[in-house]
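Visitor: Please take me through one part of this model in detail. I would like to look closely at the ligand site and what surrounds it.

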Amino acid sequence: MSKPLRVLSGIQPSGKLTLGNYIGAMKNFVELQKDYECFFMIVDLHAITVPQEPAALREQTESVAALFIAAGIDPAQAAVFVQSHVPQHAELGWIMTTLSYMGELERMTQFKDKSEGKDAVGAGLFVYPSLMAADILLYQANLVPVGDDQKQHLELTRDLAGRFNFKFGETLTVPEPYIPKVGARIMSLDDASKKMSKSNPNAGSFIALLDSPDDIRKKISRAKTDLGREIVFDPKEKPEISNLMTIYSNCAGISLEEVQARYEGQGYGAFKKDLAEQVVATLEPLQQRYREIRESGEIHEILRAGAEKARAVAEVTTRQVKEAMGFLLPSSKR
Ligand code: AMP
Ligand code: TRP
């Protein structure tokens with residue numbers, strides 16, 4: 001039997017996770033776990049590239065782990081772990097930093113966005129993509145489910161893997177991005193030219209996975225709409241409604257064409273009302289499971305077992321990488 005293909009992805013434990021994270025990434029994690037050997041992690045080492053309050057970082061890490069499970073990731077099938085529990089991430093991260101060029105890191109749009117207008121920019125923010133490459137390459141991952149905004153980081157990861165293999169011999173798997181066809185980029189509810197993001201100071205612009213049903217209804221009823229009243233998918237002419245239709249399509253599990261057909265001849269009001277119920281129906285069971293998981297405390301054992309599984313793979317790759325590069329490996333006791 002051939003080896004199952006590997007999948008790896010990560011989400012930062014910063015702020016609240018949004019419906020964008022769910023549709024763009026987490027929903028796919030759940031789908032992929034049946035057919036692939038999966039590794040899903042909470043990337044705390046990435047989170048500290050911007051200042052974090054210690055108590056909040058700890059709480060958010062646990063919270064995101066519980067959300068993974070609540071969203072349907074089965075710890076019996078997939079390894080769920082915290083990045084810093086596997087020290088090889090920092091180690092291979094450093095190695096990938098030494099293989100990266102300043103020029104290619106300077107071109108990363110996420111770096112440009114996050115550093116724009118700031119006079120003190122942490123060096124960690126700059127080498128963030130090299131650490132992300134290490135995350136992926138450590139597991140020899142074939143597929144990486146992410147939203148559209150991570151495509152450029154994936155390209156860099158592929159370049160670094162190729163560069164390593166060229167210099168030191170075939171060692172690392174070159175990964176492919178796995179990006180949803182509908183929902184790779186969920187936009188802000190107040191401005192469809194911006195990505196829905198947990199760091200937006202206007203809480204009305206995003207739906208957090210743990211928002212109450214009433215808040216969800218309020219936010220959707222206030223979401224911006226375009227001129228006219230038809231429910232048609234046209235991201236250029238009707239970006240706001242097209243974004244809401246994308247959310248509907250994902251939550252209801254039907255295609256955009258079906259959404260359009262369902263609301264033919266109806267106005268924005270009726271559509272938004274139903275959309276809110278679709279989102280509530282998607283998130284309510286997740287929230288219920290989330291509360292149960294947090295109360296039970298089971299997350300600690302899940303993360304311990306996940307890190308053990310991850311470490312076993314990470315150790316092998318790190319040894320291969322160091323050997324190929326000419327590191328003198330410590331001899332084992334005789
Ligand atoms: P982050 O919250 O930046 O750690 O992102 C975690 C994952 O969610 C990544 O795969 C992102 O690409 C994805 N993601 C974040 N925001 C959105 C969005 N608005 N639409 C679709 N995917 C998103
Ligand atoms: N950079 C990703 C984000 O901001 C998070 C991330 C870190 C990641 N390491 C990863 C995603 C490895 C996929 C694979 O969303």
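Guide: Start with Gln150. In this predicted model, a polar atom of the Gln150 side chain sits 3.0 Å from a nitrogen atom of ligand 2. Asp135 also makes a polar contact: a polar atom of its side chain is 2.6 Å from a nitrogen atom of ligand 2. Tyr128 adds another, with an N or O atom of its side chain 2.6 Å from a nitrogen atom of ligand 2. How much of the ligand does the protein cover? On its own, ligand 2 has 370 Å² of accessible area, and the protein covers 91% of that.

Now the shell. There are 13 residues around ligand 2, and the nearest are Gln12, Tyr128, Met132, Asp135 and Gln150. By class, 7 residues of the shell are nonpolar, 5 are polar and 1 is charged. Two elements, strand 1 and helix 7 (123-138), each give two or more residues to this shell. Helix 7 gives the most, with 4 residues.

Strand 1 deserves a closer look. The strand spans residues 6-11, and 5 of its 6 residues are buried, so it is largely enclosed by the rest of the structure. Its partner is strand 2 (residues 37-42). The two run parallel and are joined by 6 bridges. Within this pairing, Phe40 of strand 2 stands opposite Ser9. What links into a unit with these strands? Helix 1 (residues 19-32) does: together with strand 1 and strand 2 it makes a right-handed β-α-β unit. Strand 1 thus belongs to that unit and also contributes to the shell around ligand 2.

Note on methods
Residues numbered from 1 in each chain as written. Chains lettered and ligands numbered in written order. Predicted model: local features only at pLDDT ≥ 70, side-chain atom pairs only at ≥ 80, totals over all residues. Heavy atoms only, no water. Buried < 20%, exposed > 50% of the residue type's maximum accessible area, 1.4 Å probe, protein only. Pairing = 2+ DSSP bridges. Right-handed = clockwise from strand over helix to strand, strands pointing away. Near = heavy atom within 4 Å. Polar contact = N/O pair within 3.5 Å; in protein donor to acceptor, adjacent residues only side chain to side chain. Areas by Shrake-Rupley, 256 points an atom, 1.4 Å probe, with all protein chains shown as cover. Nonpolar A, V, L, I, M, F, W, Y, C, P; charged D, E, K, R; others polar.
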